[in-house]
Amino acid sequence: YLSMKKADDSLKNYAKSQYSRSYQDLATMFMERSLSLVARDGVCGILSLNSWMMTVTFKKFRSLILSAAQILYVAHLGRGIAGIALDFATTVYVVGSNESDYSIRFMRASETAQTPSDGIRTERLKRAVQAAQMGRDCYLLSRSRIYEMPNSAFLGDLSDQLIEAFKHPLGEIAPAKQGLATADNERFLRQWFEVSADRSYMRARDREDAKASGARWFPHNKGGEYRKWWGNQDYVINWQDDGRELWDFRPRSVIRNPDCYFRPCISWARVSSGDPSFRLFDSSSLFNDKGSAIFLDSDQQALMMIGYLNSSTTLQLESTIAPTVMFEVGQMKSLPWIEPDSFDPVGVERLIDIFRADWDARETSWDFARPPYLRGGHSLLQDAFDDWYRRSCETAEEAQRLETENNRYWADVY
């Protein structure tokens with residue numbers, strides 16, 4: 001499973017010249033090689049990462065294998081095979097061109113990005129193999145149907161409406177950008193509480209305001225752990241004098257999209273071992289290559305977009321187009337977009353308020369004022385804790401209800 005990004009130059013050059021359709025990964029090169037090693041009408045079974053089925057990188061290889069072989073079965077196995085935390089699949093195919101259309105049986109032994117036990121995986125796969133009727137864990141897709149999907153990707157049993165939506169990708173209305181890379185985080189980044197408040201400016205309105213402040217440290221969006229709606233605002237970056245030291249540090253540092261710095265955005269962590277999560281940022285931050293961002297023209301658009309991105313509908317779509325631990329800018333741009341007839345932002349606004357208050361209730365937030373259990377004017381500490389616990393439970397139930405309503409709304413749209 002050697003990525004050519006990590007290979008030496010001689011192997012890279014050989015791979016590109018001899019396996020131009022599959023050279024990005026050594027395992028996929030072996031799949032292409034099998035098409036000539038196996039006798040015509042012979043059967044080949046491959047255990048590999050499933051990225052070749054979905055990412056745009058392997059579009060040419062998918063076209064090759066769909067035309068040069070008849071794929072019989074694909075079994076999605078999830079993560080944890082041989083202790084590797086990446087999604088695997090088994091593919092069985094008959095070598096030899098088949099001009100007529102045919103159907104591929106897809107079986108699911110695990111959800112994407114999940115690591116079930118071997119027993120659960122085996123039992124679920126056994127049920128899918130023996131299933132007499134098609135369902136979520138066992139379905140058929142024809143070769144012609146796969147060709148209709150964007151980039152001929154194996155995206156699952158999608159509806160006609162959703163396939164049509166892929167023709168209008170999110171990138172057409174919401175530019176997604178990759179941020180800067182310092183090349184030396186130890187030098188240029190700090191957590192906000194490590195530096196002097198007198199030399200920090202946490203409310204910059206734009207680059208001009210940041211430069212005029214004379215401050216050294218400014219909020220920096222660096223991705224972070226799974227958290228939706230608001231949060232992961234921990235770091236500051238040395239951007240004194242409009243980032244003079246970072247500009248001078250080139251070519252090691254990479255300053256991408258500086259016109260988008262200090263602009264409101266929706267951001268996510270580019271690398272995640274779990275599900276992607278999306279957060280709103282105001283105009284005070286710069287963003288990192290690990291914390292990519294999309295930019296909208298209005299607050300209404302931003303609220304609608306973050307509602308869509310944090311919905312269960314989008315989560316299912318993300319798992320099909322981004323099967324690895326990476327969720328790149330290009331994959332974000334390729335998400336399908338259906339413009340809703342109407343959208344009420346009240347629920348999303350309330351979710352952002354809830355998660356912002358939760359973030360600011362911690363001493364690690366730069367907007368922390370006092371512990372939430374000290375609110376309410378109680379004279380007894382026990383009463384204060386009881387009131388805080390009651391309010392916390394009510395807020396958690398409200399957030400769950402609002403997220404359910406948001407999921408239902410976008411499921412109806414799609």
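**Stop 1: helices 2 and 3**

Start by selecting residues 26-37, which form helix 2, and residues 59-68, which form helix 3. In this predicted model, the axes of the two helices come within 11 Å and cross at roughly 25°. That angle makes helix 2 roughly parallel to helix 3, since angles under 35 degrees count as roughly parallel. The crossing of helix 2 and helix 3 is left-handed.

Now show the side chains where the two helices touch. Which residues of helix 2 meet helix 3? Look for Thr-28, Met-31, Glu-32 and Leu-35 in helix 2, which meet Phe-61, Leu-64, Ile-65 and Ala-68 in helix 3. Try colouring this contact by class: you should find six nonpolar residues, one polar and one charged.

**Stop 2: Thr-91 in strand 3**

Next, select residues 88-95, which make up strand 3, and pick out Thr-91 within that strand. Is Thr-91 buried or exposed? Thr-91 counts as buried, because its relative accessibility is 0%. To see what surrounds Thr-91, leave aside its neighbours within four places in sequence and display Cys-44, Gly-45, Ile-46, Trp-52, Met-53, Ile-71, Tyr-73 and Val-74, each of them in contact with Thr-91.

**Stop 3: Ser-152 and its backbone**

Move along the chain to the loop between helix 5 (143-148) and helix 6 (160-165), where you will find Ser-152. Check the backbone angle here: phi of Ser-152 is near 55°, a positive value in a residue other than glycine. That is worth a pause, because most residues other than glycine have a negative phi. Ser-152 is also buried, with a relative accessible area of 9%.

**Stop 4: helix 9**

Select residues 240-248 to bring up helix 9. Which residues of helix 9 are buried? They are Asp-242, Gly-243 and Leu-246. These buried residues cover an arc of only 95° around the axis, so they sit on the same side of helix 9. Add helix 7 (185-188), helix 8 (207-213) and strand 9 (235-238) to your view, as the buried residues of helix 9 pack against these elements.

Stay in helix 9 and zoom in on Asp-242. At 18% relative accessibility, Asp-242 counts as buried, because buried means under 20%. Asp-242 also has a positive phi, about 60°, although it is not a glycine.

Then click on Gln-240, which lies in helix 9 as well. Gln-240 has 24% relative accessibility and therefore counts as partly exposed. Not counting residues up to four places away in sequence, Gln-240 touches Arg-199, Gly-214, Ala-215, Arg-216 and Phe-218.

**Stop 5: a cis peptide bond**

Follow the chain into the loop between helix 9 and strand 10 (265-267), where Pro-251 is found. Look at the peptide bond from Arg-250 to Pro-251: this bond is cis, with omega near 10°. For background, most peptide bonds are trans.

**Stop 6: helix 13 and its two partners**

Select helix 10 (residues 299-309) together with helix 13 (residues 346-360). Their axes come within 9 Å and cross at roughly 75°, so helix 10 and helix 13 are roughly perpendicular to each other. On the helix 10 side, show Leu-303, Ile-306 and Gly-307; they meet Val-348, Glu-349 and Ile-352 in helix 13. By class, this contact has four nonpolar residues, one polar and one charged.

Keep helix 13 in view and add helix 14, residues 381-413. Here the helices pack at an angle of about 145°, with their axes 10 Å apart, and helix 13 passes helix 14 in a left-handed crossing. Gly-347, Val-348, Arg-350, Leu-351, Ile-354 and Phe-355 in helix 13 meet Thr-395, Glu-398, Ala-399, Leu-402, Glu-403 and Asn-406 in helix 14. Six of the residues in this contact are nonpolar, three are polar and three are charged.

Before leaving, draw a distance from Phe-355 back to Gln-240. How far apart are Gln-240 and Phe-355 in sequence and in space? They are 115 residues apart in sequence and 30 Å apart in space, C-alpha to C-alpha.

**Last stop: the whole chain**

Zoom out to see the protein chain, with its 14 helices and 13 strands. Along its principal axes, the C-alpha trace spans about 80 × 55 × 40 Å. Buried residues make up 47% of the 414 residues in the chain. Among contacts with a separation of 6 or more, 70% are between residues 24 or more positions apart.

Conventions:
Residues are numbered from 1 along each chain as its sequence is written. Side-chain values use heavy atoms; hydrogens and water are left out. Axes are lines fitted to C-alpha atoms, for helices over the stretch in contact, and angles run from 0 to 180 degrees between N-to-C directions. Helices (H or I, at least four residues) and strands (E, at least two) are DSSP runs, numbered from the N terminus. Angles under 35 degrees count as roughly parallel, over 145 as roughly antiparallel, 65 to 115 as roughly perpendicular and the rest as oblique. A crossing is left-handed if the near helix is turned anticlockwise from the far one by less than a right angle, and right-handed if clockwise. Contact means heavy atoms within 4.5 Å. Ala, Val, Leu, Ile, Met, Phe, Trp, Tyr, Cys and Pro count as nonpolar, Asp, Glu, Lys and Arg as charged, and the others, Gly among them, as polar. Buried means under 20% relative accessible area, exposed over 50%, partly exposed in between (1.4 Å probe, protein chains only). The arc is that of the directions from the helix axis to the C-beta atoms.
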